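Trainee: Could you take one part of this fold and walk me through it slowly? I'd like to see how it connects to everything around it.

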Amino acid sequence: MSKKYFFISLITVCTILFSSCSQKEENQITKKDAALSVIFNRKSVRNFIKDRQVSDEDIQMLIKAGMAAPSGKDTRPWQFLIINDRDILDKMAKELPTAKMLAEVPMAIVVCGDTVRSSYWYLDCSAATENILLAAEALDLGAVWTASYPYRDRMATVIKHTNMPAQVLPLVVIPIGYPKGNHSAKDKYDESKIHMNKW
Ligand SMILES: Cc1cc2nc3c(=O)[nH]c(=O)nc-3n(C[C@H](O)[C@H](O)[C@H](O)COP(=O)(O)O)c2cc1C
């Protein structure tokens with residue numbers, strides 16, 4: 001190979017390597033920006049467009065996000081109950097004191113825990129719940145954590161309407177739909193809550 005061709009080949013290889021590296025960097029920035037934007041823009045949504053349905057693909061993605069959560073010893077004690085029956089949603093809206101928005105949404109996910117599988121089911125199910133809330137934000141859906149556990153009366157209401165087995169308890173009912181009106185995330189950053197090495 002002549003010197004000239006050698007240098008042309010070398011420059012071509014370097015250009016390809018450089019452009020693939022900078023593309024990788026660009027992809028990483030996109031991934032970082034996308035993930036952090038979802039985290040910082042998540043907010044509780046309590047007003048919904050009543051008749052706008054959530055697609056099956058989105059519901060599947062929300063459940064998948066829930067199942068991607070970490071859990072102690074990887075026990076995954078969660079169960080996910082999808083409710084899209086108008087009658088059940090309306091009854092639960094009437095009976096649950098802090099989940100009135102169930103009357104406005106087309107569906108809800110109840111994140112439940114298997115109390116036999118793990119005595120710390122509520123921790124794992126909380127991680128799963130946050131994942132669902134973040135996925136909802138990413139999908140432009142509105143959602144809010146409404147507490148069932150540890151309130152006996154609220155858990156009894158959810159169990160009554162859903163035939164949940166005895167060893168399973170509902171942690172949270174998440175009403176999900178398309179947001180009505182403007183909602184913005186709160187800025188909760190607070191330096192006074194940060195401690196370094198010692199309190
Ligand atoms: C453990 C827990 C229980 C909650 N229970 C309810 C509830 O029953 N009803 C409700 O409307 N919001 C409930 N929320 C949502 C909080 O009110 C909300 O996260 C808080 O006001 C902060 O607002 P943000 O989610 O928009 O950041 C609950 C949140 C958590 C983490």
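Mentor: Let's start where strand 3 (residues 142–143) meets strand 5: two bridges join them, and they run antiparallel. Strands here are DSSP runs of E with at least two residues, helices are runs of H or I with at least four, and both are numbered from the N terminus. Two strands count as paired if DSSP finds at least two bridges between them. Before we go on, keep in mind that this is a predicted model: local features need pLDDT of at least 70, side-chain atom pairs count only at pLDDT 80 or more, and totals for chains, interfaces and linings use all residues. Residues are numbered from 1 along each chain as its sequence is written.

Back to our pair. Put your finger on Gly 142 and look across: its bridge partner in strand 5 is Gly 177. Strand 4 (residues 146–147) also pairs with strand 5, again antiparallel and over two bridges. There, Thr 146 has Val 173 as its partner in strand 5.

Strand 5 has another partner, strand 2, and eight bridges join these two antiparallel strands. Met 107, for instance, is bridged to Ile 176 of strand 5. Now find Cys 112, which stands opposite Pro 170 in strand 5. Gln 79, in turn, stands opposite Cys 112 in strand 2. That takes you on to strand 1, which is joined to strand 2 by six bridges, with the two running antiparallel.

How covered up are these strands? A residue is buried if 20 or more other C-beta atoms lie within 10 Å of its own, exposed if 12 or fewer, and partly exposed in between, with C-beta atoms placed from the backbone. In strand 5, 10 of the 10 residues are buried, so this strand is largely enclosed by the rest of the structure. Strand 2 is mostly covered too, with seven of its eight residues buried. For the whole protein chain of 199 residues, the buried share is 27%.

That leads us to the inside. A nonpolar core is a set of buried Ala, Val, Leu, Ile, Met, Phe, Trp, Tyr and Cys residues joined through C-beta atoms within 7 Å. The largest one has 37 residues, and those with the most contacts inside it include Val 173, Ile 174 and Ile 176. Strand 1 (78–83), helix 3 (86–95), strand 2 (107–114), helix 4 (121–138) and strand 5 (168–177) each give two or more residues to this core. Zoom in on Ile 174. Two residues are in contact if their C-beta atoms, placed from the backbone, lie within 7 Å. Leaving out residues up to four places away in sequence, Ile 174 touches Ala 108, Ile 109, Val 111, Thr 129, Ile 132, Ala 143, Val 144 and Trp 145.

Thr 129 and Ile 132 are among the buried residues of helix 4, and so are Ala 128, Leu 133 and Ala 136. An α-helix has 3.6 residues a turn, so residues three or four places apart point the same way. You can check the length of helix 4 as well: at 1.5 Å a residue, its 18 residues should span 26 Å, and its end C-alpha atoms are 26 Å apart, which agrees. (The expected span is 1.5 Å times one less than the number of residues.)

The loop between helix 4 and strand 3 holds Asp 140. This residue has a positive phi of about 60 degrees, although it isn't a glycine. Asp 140 is exposed, with 9 other C-beta atoms within 10 Å. Most residues other than glycine have a negative phi, and most peptide bonds are trans. A cis peptide bond does turn up between Tyr 149 and Pro 150, where omega is about 10 degrees. Pro 150 is in the loop between strand 4 and helix 5 (152–162).

One last stop is the ligand. Its surrounding residues include Val 144, Trp 145, Thr 146 and Ala 147, where a residue counts as near if its C-beta atom, placed from the backbone, lies within 6 Å. The shell divides into three nonpolar, three polar and three charged residues. In that count, Ala, Val, Leu, Ile, Met, Phe, Trp, Tyr, Cys and Pro are nonpolar, Asp, Glu, Lys and Arg are charged, and the others, Gly among them, are polar. So remember Thr 146: it is part of the ligand's surroundings, and it is also bridged to Val 173 in strand 5.
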